[in-house]
Amino acid sequence: MSKRFFDLIVSLIALIVLLPVIFLVAVQIRRKLGSPIFFRQTRPGKNGKPFEMIKFRTMLDAVDSKRNPLPDDQRMTPFGKLLRSTSLDELPELWNVLKGEMSLVGPRPLLMEYLPLYSEEQYRRHDVRPGVTGWAQVNGRNAISWEDKFRLDVWYVDNQSFLLDLKILFLTIKKVLVRDGISGEGEATMSKFTGNKN
């Protein structure tokens, strides 16, 4: 309850304080990338329950001759890279936090298609609400392997506390300022999870 109360108060204050920034980013996305301004996608929440996550759009809707989306690196624009490197694209997720679908801190919500690929231990990352930022994000973000990311996520589930959340929020601000671990090696964002090696 104390974690939820903290999420509620901080996300509400942040949305109010950052409203001018959110408005300016939305205007720039509309001007540089067109519509829609927001990227909406169904992601697994606590206990794997689906919810609609909302972010600012960072990529073009470019497709090939068969109407399939082009690879991320071909759809990503310099403006989109700027939004991602500064984590401005994540600001709309404060609305998900306010609604109780996400927390400020927790394992990042990944794709629904990954759910059947997790091991039993990895699936435990869904024992808590997904977060805007998390322990894996401040320990490598997209620059670490999937196995390490899941290990860090489960560690957070087992060791979560108010002080740990404050530490992660502080480290997140530091990571954003130095723009560290934004993408995986050779990737525009992060390589796709295809299951465990063993």
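A nonpolar surface patch of about 720 Å² is formed by F5, L8, I9, V10, L12, I13, I16 and V17. Patches of this kind join nonpolar side chains (Val, Leu, Ile, Met, Phe, Trp, Tyr) within 5 Å, while like charges are joined within 9 Å, and the residues must have over 30% relative accessible area and no salt bridge. Areas were computed by the Shrake-Rupley method with a 1.4 Å probe, and for residues only the protein chains shown count as cover. The model is a predicted one, in which local features need pLDDT of at least 70 and side-chain atom pairs count only at pLDDT 80 or more, whereas totals for chains, interfaces and linings use all residues. Residues are numbered from 1 along each chain as its sequence is written, and side-chain values use heavy atoms, with hydrogens and water left out.

One member of the patch, I9, belongs to helix α1 (residues 2–17); helices (H or I, at least four residues) and strands (E, at least two) are DSSP runs numbered from the N terminus. I9 is partly exposed, at 36% relative accessible area, on a scale where buried means under 20%, exposed over 50% and partly exposed in between (1.4 Å probe, protein chains only).

Helix α1 also helps to cover helix α8, together with other elements including β3 (103–105), β4 (131–133) and α7 (146–159). Helix α8 (residues 162–178) has 17 residues and reaches 25 Å from its first C-alpha to its last, close to the 24 Å expected, the expected span being 1.5 Å times one less than the number of residues. Its buried residues are L164, D165, I168, T172 and K175. They lie on the same side of α8, because they cover an arc of only 95° around the axis, taken from the directions from the helix axis to the C-beta atoms. The face turned away from this buried side carries the exposed residues L163, F170, I173, K174, L177 and V178.

The two helices are also linked by a salt bridge, with the side chains of K3 and D165 meeting at 2.6 Å, N to O. K3 lies in α1 and D165 in α8, so the pair ties together parts that are 162 residues apart in sequence. K3 is partly exposed at 24%, whereas D165 is buried at 7%. A salt bridge here is a side-chain nitrogen of Lys or Arg within 4 Å of a carboxyl oxygen of Asp or Glu, and the whole structure holds 13 of them.

Another pairs R108 with E93, again at 2.6 Å between the closest N and O atoms. R108 sits in the loop between β3 and α6 (120–123) and E93 in helix α5, so parts 15 residues apart in sequence are tied together. Both residues are buried. E113 and K192 meet at 3.0 Å, N to O, joining the loop between β3 and α6 to the segment after α8, 79 residues apart. Salt bridges that share partners also join K55, D89, E90, E93 and R108 into one network.

Some backbone details round off the picture. The peptide bond from S35 to P36 is cis, with omega near 0°, and P36 lies in the loop between α2 (19–32) and β1 (38–44). N47 and S87 each have a positive phi of about 60° although neither is a glycine. N47, in the loop between β1 and β2 (50–56), is exposed at 56%. S87, in the loop between α4 (78–85) and α5 (93–99), is buried at 16%. Contacts of S87 (heavy atoms within 4.5 Å) are with R141 and V176, not counting residues up to four places away in sequence.
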